[in-house]
Amino acid sequence: MGIARYWREIPQRYNLIGTKCGSCGRVYFPPKAICPVCRRKSIGKMEEYKLKGTGTVETYTIIYTPPPHFEGEEPYAIALIKMDEGCYLMGEIVDCDFEDIHIGMKVEACFRRIEEDGTRGAIQYGYKFKKAE
Amino acid sequence: MRDVAIIGSGVTKFGELWEKSLADLVAEAGISAIMDAGIDGTDIDAMYIGGMSAGRFVGQEHLGALAAEVSGLSELHIPSTRVEAACASGGLALHSGYLAVASGMYDTVIVGGAEKMTDVAGKEATNILASAADREWEAFFGATFPGLYALLARYHMHKYGTTPEQLAAVAVKNHHNGSMNPKAQYRREITIEDVLNSTMVADPLHLLDCSPITDGAASAVITSVEKAKEYTDEIIKIKASAQASDSISLAGRSRFDALPATIEAAKRAYKQAGIEPSDIDFAEVHDCFTIAEIMAIEDLGFFKKGEGGKAAEEGLTALDGEIPINTSGGLKSKGHPVGATGIAQIHELLLQLRGKADKRQIEKAEIGLAHNVGGSGGTAVIHILEAI
């Protein structure tokens, strides 16, 4: 992923900044310019909102055939997490045996390296998830 | 809006066609559809071609002009448009052509779809396919395309008790059907054990739960029902042509046991056709992964939600079953040249409706449905055809 493309999403990837609809109160991640439920009523009322980072595994998979930027990382676990605020996030589950991962497992976001652009390129960071304490 | 008919179709062989270029495939499919329809180039008012990512697979964009040229239509300067909705590009090309004819803007339109996927290495092809998902919020974090469907499969298994054997039954059935399709990429039978023993790609999906990477093209000619009578006595009417969208990312949705875009497109299609799911005799559904066929036959209303796996296991979707699904072999065995798939499904419906499906011909083929999905359900396109 190009540097600018990565850089402009640092607030979301580092600090889980999403948006909250000022009309209905629903929380979205990544940030939305408009609420898909309230639509017109939400324009100008979408506020920045920092997610707590805690949630529950809704479903998960173990990836054995990785994309190019994850080569050498396989096998690894990817899950769809229902965040406590109600929105869903996709991310890797780390620091956990695959056998322990299950639907309904409580997780919390952590800050990790996602990929490196070769040995001299930029290192890209973002959120992953681990079992909640 | 006026009634629209399909008067001809054609497909290339599907497979790893190293000796053929994208242009060769487009020309071959287009010419065979024109020959089948019995029309001449001067009869054609416009062209729509579906392609997901020729730009990344072979470094070629501007598919509309390319398709017009290789089909021998460039001197006629007809409007030619490329449409894209990932793996639903073909279905969307037909929907676009349908709207143009139904509106009265054009009389006769050629639609097509093509993808040349094996000029790049397998890993690169997989990476290109991941662009059908959300690059920033799914692919970046390590999700692959099979991974997204694996998430849906795990959810379905957890909620409804769907088993790996039931998923495998879909692949076994589709390979059986494909073994009788001379155009199919894989014409060999497989067993449940073959599927369960194949390499794990994204748990719970094995390699043989996944459709392959394929080169191929397909084409069809459509015109108004009135005008179709000038060309043929065998009128195949497009009873419905419907499209629906959804969030491109799975995380943007609120249910994971279905593809809501399929449910919505189906609702619209049945309403337009004035029929119920039980009126459909057979269907080609988008089985890019085995779980996708199980969700599709539920979302399309053929089986209750949660009972798709059981239906596959009990043979209800086999050639001689209650409702034959993917008589062509589906994406799984016939192959999945992403842009071509939606039109290739239509070609199979035509063969069945005309009674020309040879060894895989089903007994009652009067109303058929084609279901084409883009990405993990960001787009769904449904067509219902009837022999009148």
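Let's start with one residue pair: A:Val57 stands opposite A:Ile81 in β5(A). Keep in mind that this is a predicted model.

Now the strands around that pair. β5 of chain A covers residues 76-83. Is it mostly covered or not? Mostly covered: six of its eight residues are buried. On one side, β5(A) pairs with β4(A), residues 54-63. Eight bridges join these two, and the strands run antiparallel. β5(A) is also joined to β6(A), residues 88-93. Here there are six bridges, again in the antiparallel sense. A:Ala79 is one residue to find on screen, with A:Gly91 in β6(A) as its bridge partner.

Follow the chain from β5(A) into β6(A). The two strands form a hairpin, with four residues between them. Which residue there takes a positive phi? A:Gly86, and the value is near 110°.

Step back to chain A as a whole. It has two helices and eight strands. What is their order from the N terminus? The two helices lead, and the eight strands follow. The C-alpha atoms fill a box of roughly 45 × 35 × 25 Å along the principal axes. Chain A has 133 residues, and 37% of them count as buried. Now take its contacts between residues at least 6 apart in sequence. Of those, 48% join residues at least 24 apart.

Next, the contact between the chains. How many residues does each chain bring? Chain B gives 27 and chain A gives 26. On the chain B side, three elements each supply at least two residues: α5 (122-129), α6 (145-160) and β5 (200-203). The largest share comes from α6(B), with seven residues. By class, the chain B side has 16 nonpolar, six polar and five charged residues.

There is strand pairing across the two chains as well. β4(A), the partner of β5(A) that we met earlier, also pairs with β5(B). That pairing is antiparallel, over two bridges. For a residue to look at, take A:Ile62, whose bridge partner in β5(B) is B:Asp203.

On to chain B itself, beginning with strand β1(B), residues 4-11. Why call β1(B) largely enclosed by the rest of the structure? Because eight of its eight residues are buried. β1(B) pairs with β7(B), residues 215-224, in the antiparallel sense over seven bridges. Within that pairing, B:Gly10 stands opposite B:Ser219. β1(B) is joined to β8(B) too, residues 236-245. That link has two bridges and is antiparallel. B:Ile6 in this case has B:Ile236 as its bridge partner.

Last, a helix pair in chain B. Two packed helices are described by the angle between their axes and the distance between the axes. The helices here are α1(B), residues 22-37, and α3(B), residues 63-70. Their axes come within 9 Å and cross at roughly 60°. That angle makes α1(B) oblique to α3(B). The crossing is right-handed. Which residues make the contact? From α1(B), they are B:Ala23, B:Val26, B:Ala27 and B:Gly30. From α3(B), they are B:Leu66, B:Ala67 and B:Val70. By class, that gives six nonpolar, one polar and no charged residues.

Note on methods: Residues numbered from 1 in each chain as written. Chains lettered and ligands numbered in written order. Predicted model: local features only at pLDDT ≥ 70, side-chain atom pairs only at ≥ 80, totals over all residues. Axes fitted to C-alpha atoms, helices over the stretch in contact; angles between N-to-C directions. Parallel < 35°, antiparallel > 145°, perpendicular 65-115°, else oblique. Left-handed = near helix turned anticlockwise from the far one by under 90°. Contact = placed C-beta atoms within 7 Å. Nonpolar A, V, L, I, M, F, W, Y, C, P; charged D, E, K, R; others polar. Buried ≥ 20, exposed ≤ 12 C-beta atoms within 10 Å, placed from the backbone. Pairing = 2+ DSSP bridges.
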